[in-house]
Amino acid sequence: MEKAHISRSQKLAGDRQIRRQTAGFGNPARANCDLPRIGVFVCHCGNNIGGVVRVPEVVEYARTLPDVAYAEDNMYSCSEEGLSSIKESIVRHKLNRVIVASCTPRTHEPLFKRACEEAGLNKYLFEFVNIREHCSWIHMHAPDEATEKAKALVRMGVAKARYLEPQEEFQSDVYPAALVIGGGVAGMTAALNLANQGFVVHLVEREAELGGLLRGVNKVFPTYEDAGEFLAPLIQQVENHPRITTYLRSEVESVEGFIGHFQVRVTNGHREAEFEVGTVIVATGAQEFKPYGYYGYPMLPNVVTPLELEEMLKKGFEFPRNVVMINCVGARIAERPYCGRFCCTAALKNAVLIKERDPRAKVYILQRDVMAYGEHIERHYRRAMELGVRFIRYSLDRPPEVVGVRQAREVKVFHQLIGKELTLPADLVVLVTPLVPQPDSEKLSRMLKVPRGSEGFFLEAHLKLRPIEFATDGIYLCGSARYPSNIIESVSQAYAASAKAATPMRQGFVQVEAITAFSDEHLCTGCGTCVLVCPFSAIELRVGENGQKSWVNATQCKGCGSCVAACPNGAMQQRGFTDRQVLSMVEALVSS
Amino acid sequence: MADTINEIASQCDLFLCVECGKCVAACPMTEIFKDFSYEVSPRGMIEKTLMDFDVLTDIGIWFCLTCDVCTEICPAGVRYRDFVERVRQLAIQRGLTEHGLFCRRCGGFFLPRHTLEYISEQLEDGAIPDEYLTFCPRCRKYDFGEKMKEAIPDRRKALLRRAAKL
Ligand SMILES: Cc1cc2nc3c(=O)[nH]c(=O)nc-3n(C[C@H](O)[C@H](O)[C@H](O)COP(=O)(O)OP(=O)(O)OC[C@H]3O[C@@H](n4cnc5c(N)ncnc54)[C@H](O)[C@@H]3O)c2cc1C
C-alpha cells in the first residue's frame with residue numbers, strides 16, 4: 001500500500017514537470033527588453049457595455065495613448081472569435097502587453113490570460129480593465145460620463161501595462177502525510193478518512209485513551225445508543241490502521257513550516273518523535289464549563305454538571321424522584337455570550353431517560369429558550385413533553401434559586417407568565433453548562449499561527465465560504481475545537497476537513513499565483529511591521545549577512561498587500577502591484 | 001386528586017403545549033369577558049395545570065365557551081376544550097358547584113354562571129323569560145313540547161293519538 005502510494009506521488013511529480021515545460025512562458029526577450037507594444041481590446045459585451053459606453057470612441061482614444069500598438073473592439077471578447085482575434089493580433093502586431101476592457105476579472109481574467117499564454121505571451125503581461133461594472137452598469141443613465149470614465153480607466157490600464165513584467169508561477173510539493181491533533185470523535189474520523197485514502201496520519205492525543213468527551217457520556221442522542229458502543233469500533237479501526245500512528249499521552253511540542261512541509265515534534269514527556277507532514281488538522285475539541293460559584297456548585301453534593309449526570313446515569317444507581325435542570329448556566333451571559341448549542345438537547349436526552357426509567361419522577365427543565373434544533377431532535381423535545389417533563393422559562397433578571405444547606409432541597413423559580421414564584425422539590429439539580437475552549441488552545445494557536453475568536457475557540461477563514469479551514473494554507477479544523485458541536489456535526493466537519501486536507505496531498509503540489517510580496521533587502525530595516533500585519537503568517541525575520549531582514553514565504557503569501565501598505569520604508573513590493581505600476585495609474589488618472 | 005387532573009391533562013395532550021399563545025389570540029373569550037386575563041386563558045390554564053396548581057378550584061376553568069377554536073389552531077395538538085369539560089365534570093363530582101348553572105328540570109350542568117351573566121347583560125330586560133335560561137338545552141326543548149301540547153285543541157289530540165296507534 002505504502003509503496004503504491006509513493007509511486008503515485010512520483011508519477012504526479014513527473015506529470016508536473018511535463019506541465020511546466022509545456023506551460024509556455026513566452027519569449028522573455030520579446031516581453032522584457034523590447035519597448036512595450038500594447039494591444040487594447042474593448043468589448044461591447046453585446047448591449048451590456050455597448051448599450052451605454054460608446055465603444056468605438058474608446059478604441060479610437062486608446063490608439064492615441066503612448067505605446068499602444070494596436071486597438072480594436074469586439075462584440076464578445078470572451079467568445080471563440082474574440083479570443084482568436086486577441087491571439088492573432090498578438091502575433092501579427094508583435095504585441096507584448098495585452099489589455100482587455102470588458103466585464104469583470106472575477107470570471108473572465110483567467111480566460112484572457114490563457115489566450116495570451118496560447119499566443120506565447122507570459123500571462124502576467126495581461127491587464128484587465130473593468131468597464132462593465134465600473135462604467136456601463138453603474139452609470140447606466142449617463143452614457144457620456146460612462147464613456148469618459150471608460151477612457152480614463154483604459155488610460156490607467158495602459159499606464160500600468162507599460163510596467164508589467166513577466167512572472168513565473170511556481171509549484172511547491174506537498175508531502176503526503178497529515179498531523180491530526182486531538183483524538184476525539186472528530187479527530188479519529190478525520191484520521192481514518194485520510195488514512196483510508198492512502199495517506200500517512202500521525203494522531204496525537206493528550207489523554208491516555210482515544211475518545212474525547214464522549215468517553216464520559218452515557219447514551220447519545222439522537223439514537224440513544226451507548227456512547228461506549230459507538231466509540232469502540234471507531235477506536236479499534238484507528239488503532240489497527242496500518243497507516244495511522246497514534247501518540248497517546250502526548251502533545252505537539254512544535255510545528256514549523258508551511259503547507260506541504262510542516263516539521264512536527266511530539267513529546268510524551270519521556271520521548272520525542274519528529275516527523276514531516278504536508279497538512280495539519282486541529283481537532284482538539286473543548287471542555288465542559290465547571291460552574292464554580294453558581295447555584296451552590298460544588299458545595300452542595302447533589303448539584304451536578306451534565307458530565308457528572310452522565311456518569312451517574314452510566315452507573316445506573318437508584319435515581320431520585322425530583323430532578324431540576326437549569327439550562328444556560330454560564331452561557332449566553334455577558335462574559336460568555338455564546339450558546340452551547342447541543343446542551344439543551346443533551347438535557348432533553350437525559351430528562352427522557354430519567355422519565356422512562358421512572359415515570360413518577362418529576363423532571364423540570366428551567367430554560368431561557370430551548371435550542372433543540374434539527375428534525376431528529378424536535379422529536380425528542382416532543383417525546384420529553386409527552387412523558388411529562390416540565391419546562392419553565394426563567395429570566396436572568398430573576399434567576400432561579402437553589403435552596404438547601406448541606407444538600408439542595410428545592411429550587412425556587414419565578415414563573416414569568418403566571419407571575420408567581422414556584423417552589424420545586426429537588427433531589428438532584430443539574431447545572432447545564434456549555435463547552436468552553438481547551439485551556440491550552442492559546443498555546444496551540446501561537447504554535448500553528450492560527451487565530452482564535454473572541455470566545456477562545458479556533459477561528460475559521462470564513463464563516464460561510466471557508467468554514468473548516470484556517471486562513472493559513474494547509475491547516476484545517478473540525479469538531480468542538482471550532483465551536484460546540486454534536487456528534488453529527490463533528491463527524492461531518494471531520495469528513496470535510498479531511499477532504500480539504502487531502503486535496504493538496506492528492507495533487508502533490510500547490511501552485512502559487514505570482515502576485516506575492518517580496519522585500520528589497522537594501523531598503524528593509526528589519527522593523528518587523530510586515531510580520532505583524534500579515535494575516536497568513538507568511539513573513540518572518542531572518543538574520544543574514546546584512547542583519548535582520550524580512551523574508552516572505554511565497555507559498556504562504558496570498559497577495560493581499562497588507563505588508564506593502566504597512567512597510568514604512570517601501571521595501572515591500574507586490575508582484576503585479578508594484579509602487580511604480582500603481583503610481584503610474586494614479587498619474588494617468590490625474591493627467592487627462 | 002392532582003393525579004386525576006394529571007391524567008386528564010395527559011389524555012388531552014396538555015404536555016405538548018409550546019406556549020406559543022395562538023389559542024389566546026383565537027379565543028373568543030378575549031372579546032367577551034372584561035375580566036379576561038392570562039390567568040384564565042387557555043394558555044394560562046394549561047401552564048398552571050402543568051405547574052401543578054389546583055385548577056379544580058380555579059375559576060379559570062369556568063370561563064371557556066367550549067367553541068374548540070383553540071384545538072383547531074393549536075400547532076402542538078393540545079385539546080384544551082376537552083380538558084376543560086372533563087375538569088368541570090370532575091369539579092362537579094367533588095361538589096365544587098358554585099360557578100356552574102344546573103338545569104331546573106334535570107339537574108344537569110349546562111352553563112358556567114359566568115357565561116350566563118354575560119348573556120343576560122347582552123339581552124334587553126325581558127327579551128327572554130328568565131325561566132328559559134334556567135333549563136339545559138334538552139329540557140328547554142322538552143318544556144317547549146309540553147307547552148305546545150297544552151296549546152293544541154283536544155279533538156286534534158285525539159286524532160293524533162289514533163294516528164299514532166295505526
Ligand atoms: C455531557 C455531554 C453530553 C453529550 N451528549 C451528546 C449526545 O448525546 N449526542 C451528541 O451528538 N453529542 C453529545 N455531546 C457532544 C459530543 O461530546 C461532542 O460532539 C464530541 O465530543 C465532539 O468531538 P471532538 O472530537 O470535536 O472533541 P472532544 O470530544 O473534546 O475530543 C477532543 C480530543 O482532543 C484532545 N486534545 C485536546 N487538546 C489537545 C492537545 N493540545 N493535544 C493533544 N490532544 C488534545 C482531548 O484530550 C480529546 O480527547 C455531549 C457532550 C457533553 C459534554
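How many salt bridges are counted between domain 1 of chain B and domain 2 of chain B? The count is 1 salt bridge, and it turns up in the second view below.

This is a predicted model, where local features need pLDDT of at least 70, side-chain atom pairs count only at pLDDT 80 or more, and totals for chains, interfaces and linings use all residues. Residues are numbered from 1 along each chain as its sequence is written, chains are lettered from A and ligands numbered from 1 in the order in which they are written, and side-chain values use heavy atoms, with hydrogens and water left out.

**View 1. Chain B comes in two domains.** Domain 1 covers 2-93 and domain 2 covers 100-165 of chain B; these bounds come from an automatic or database domain assignment. Taken over C-alpha atoms, the centres of the two domains are 30 Å apart. Domain 1 puts 10 residues into the contact and domain 2 puts in 8 (contact means heavy atoms within 4.5 Å).

**View 2. Here is where the domains of chain B meet.** About 770 Å² is buried between them, with carbon and sulfur atoms giving 72%; buried area is the accessible area (1.4 Å probe) that two parts lose on being put together, summed over both. On the domain 1 side, B:Ile32, B:Trp62 and B:Ile92 lose the most area, together 50% of what that side buries. Look too for B:Lys34 and B:Glu121, whose side chains form a salt bridge at 3.7 Å, N to O (a side-chain nitrogen of Lys or Arg within 4 Å of a carboxyl oxygen of Asp or Glu).

**View 3. Chain B sits against chain A.** Here 17 residues of chain B touch 14 residues of chain A. The area buried between the chains is about 1,400 Å², and carbon and sulfur atoms give 59% of that. B:Phe15, B:Leu16 and B:Met51 supply 38% of the area chain B buries here, more than any other three residues. The rule finds 2 salt bridges across this interface. A:Lys362 and B:Asp52 form a salt bridge, with their closest N and O atoms 3.0 Å apart.

**View 4. The ligand has chain A residues close by.** In all, 35 residues surround the ligand, and the closest are A:Glu205, A:Phe221, A:Lys349, A:Ser485 and A:Ile487 (a residue counts as near if one of its heavy atoms lies within 4 Å). A polar backbone atom of A:Phe221 is 2.8 Å from an oxygen atom of the ligand. For A:Leu213, a polar backbone atom is 2.9 Å from a ligand oxygen. A:Ser490 brings a polar side-chain atom to 3.5 Å from an oxygen atom of the ligand.

**View 5. One stretch of chain A calls for caution.** Chain A has a mean pLDDT of 92, and 94% of its residues reach 70 or more; pLDDT is the predictor's confidence in each residue, from 0 to 100. Over residues 1-33 of chain A, though, pLDDT stays under 50. Where pLDDT is low, the predicted coordinates should not be read in detail.

Terms used
Polar contact = N/O pair within 3.5 Å; in protein donor to acceptor, adjacent residues only side chain to side chain.
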